[in-house]
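Morning, everyone. Please have a look at the structure on the screen, and then I'll walk you through it.

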Amino acid sequence: MRKNIAIVMGGYSSEYQISIKSGNVVYKYLDPDKFNCHRVLIRKDKWVCLDKDDREYPVNRHDFSVAIGDKTLHFDCVFNAIHGNPGEDGYLAAYFELLGVPQTSCNHYQAALTFNKRDLLSVLKPYGIKSATSYYLNSGDTYREEEIIARVGLPCFVKANKAGSSFGITKVYKEEEFEDAIEKAFKEDDEVLIEAFLNGTEVSVGVINYKGKTTVLPITEIVSENDFFDFAAKYEGKAQEITPARLSVQQERRVTEVARKVYDLLKMKGFSRSEFIFVEDEPYMLEMNTTPGLTEESILPQQARAAGITLPQLFENAITEALK
């Protein structure tokens, strides 16, 4: 019997439109002979199930069911395609765990931890996972630019701590640029992470649970036309994404080992995509995304293709693993 699958998309963050694209790609590629797929749009003002003509049916949030005519639809599994809040930060995962509904992403603790860049890197540090020298600011903190520069140097990156798709990030070259950069970051989050600039090759490493095994996908090298891998570089074609990455044997082996170690250490499941920068042959971790983009052009689907995994196989595997 075909399973009822809810593909959740949308969300409450700046990544809303990207999530809609990801969700629609999942909807397009999941095999209709195996699954009854339903798109569920989650927004601050409404949670609705969409039929094929985009008619909306309200979701009952008490049990995540949908009344359609005289029938009530219950879901066997949720495919999470929400980037940012509330799909990537643990809220939805906790909700589905409470309801006992399997879902394709990691559990709520892992989602909350990885969404918080500062906390993630702090937790991994004792395990030997290297990261850039950093400085933290919370909303309302007073700060002195010279103190930040003494810690991280120039240039440096000012980032919203809990935001994706490079929203709220600025590369700062001069002391007088800090105020605007910090203000921009605080528009996305109430915590800011300021990191030293690492000069080296940037790579993106997809790690998934595929057929019950932790699988590191072919690595992607990021070559941005812009000053760094910002929103335009990610989504407006202003970057080369080279898969497989042009790495030495030693670099490839090392980053594969580190990415697998992080996934297993954190007891991850589902999709993940981590960003690293090489300083000589050592990968320094920047962040981990646990609901990465899933459009045909997105990095993780590119990596899956390079590994010989089609989008229908990739998406079906996520549901199969979630239902175990």
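I'll go through the sheet, then the helices, one buried residue and the cysteines.

Before that, some ground rules. This is a predicted model: local features need pLDDT of at least 70, side-chain atom pairs count only at pLDDT 80 or more, and totals for chains, interfaces and linings use all residues. Residues are numbered from 1 along each chain as its sequence is written, and side-chain values use heavy atoms, with hydrogens and water left out.

Helices and strands here are DSSP runs, numbered from the N terminus: H or I of at least four residues for a helix, E of at least two for a strand. Two strands pair if DSSP finds at least two bridges between them.

Start with the sheet. It is open, it has seven strands, and the pairing is mixed. The order reads S6-S5-S4-S3-S2-S1-S7. Which strands stand at the edges? Strand S6, residues 71–73, and strand S7, residues 77–80. Each has a single partner strand, so one side of each is left without a neighbour in the sheet. On average, neighbouring strands are turned by 35° against each other, direction ignored.

Zoom in on one pair. Strand S4, residues 56–60, and strand S5, residues 65–68, run antiparallel over two bridges. Val59 stands opposite Val66 of S5.

Now, what packs on this sheet? Helix H2, residues 91–99, touches S1, S2, S3, S4 and S7. Its direction makes about 80° with that of S3. Helix H10, residues 311–323, lies across S1, S2 and S7 and runs at about 135° to S7. These angles run from 0 to 180 degrees between N-to-C directions; axes are lines fitted to C-alpha atoms, for helices over the stretch in contact.

Next, two helices against each other. H3 is residues 108–115, and H4 is residues 117–124. They pack at about 105°, with axes 5 Å apart. That makes H3 roughly perpendicular to H4 (65 to 115 degrees). Which residues of H3 make the contact? Leu113, Thr114 and Phe115. From H4 come Lys117, Asp119, Leu120 and Val123. Contact means heavy atoms within 4.5 Å.

Further along the chain, there is more strand pairing. Strand S12, residues 202–210, joins strand S14, residues 220–224, through three bridges, antiparallel. Val203 has Glu221 of S14 as its bridge partner. S14 also pairs with strand S15, residues 239–242, antiparallel over four bridges. There, Ile222 stands opposite Glu241.

Stay with S12, because Ile208 sits in that strand and counts as buried at 1% relative accessibility. Buried means under 20% relative accessible area, with a 1.4 Å probe and protein chains only. Leaving aside neighbours within four places in sequence, Ile208 is in contact with residues including Tyr263, Phe271, Leu300 and Leu314.

Last, the cysteines. How many disulfides are there? Zero. A disulfide is a pair of cysteine sulfur atoms within 2.5 Å. The sulfur of Cys37 is 10 Å from the closest cysteine sulfur, in Cys77, too far for a bond. Are these two cysteines buried or exposed? Cys37 is buried at 17% relative accessibility, and Cys77 is buried at 0%.

That's the tour.

Definitions and conventions. Buried means under 20% relative accessible area, exposed over 50%, partly exposed in between (1.4 Å probe, protein chains only). Angles under 35 degrees count as roughly parallel, over 145 as roughly antiparallel, 65 to 115 as roughly perpendicular and the rest as oblique.
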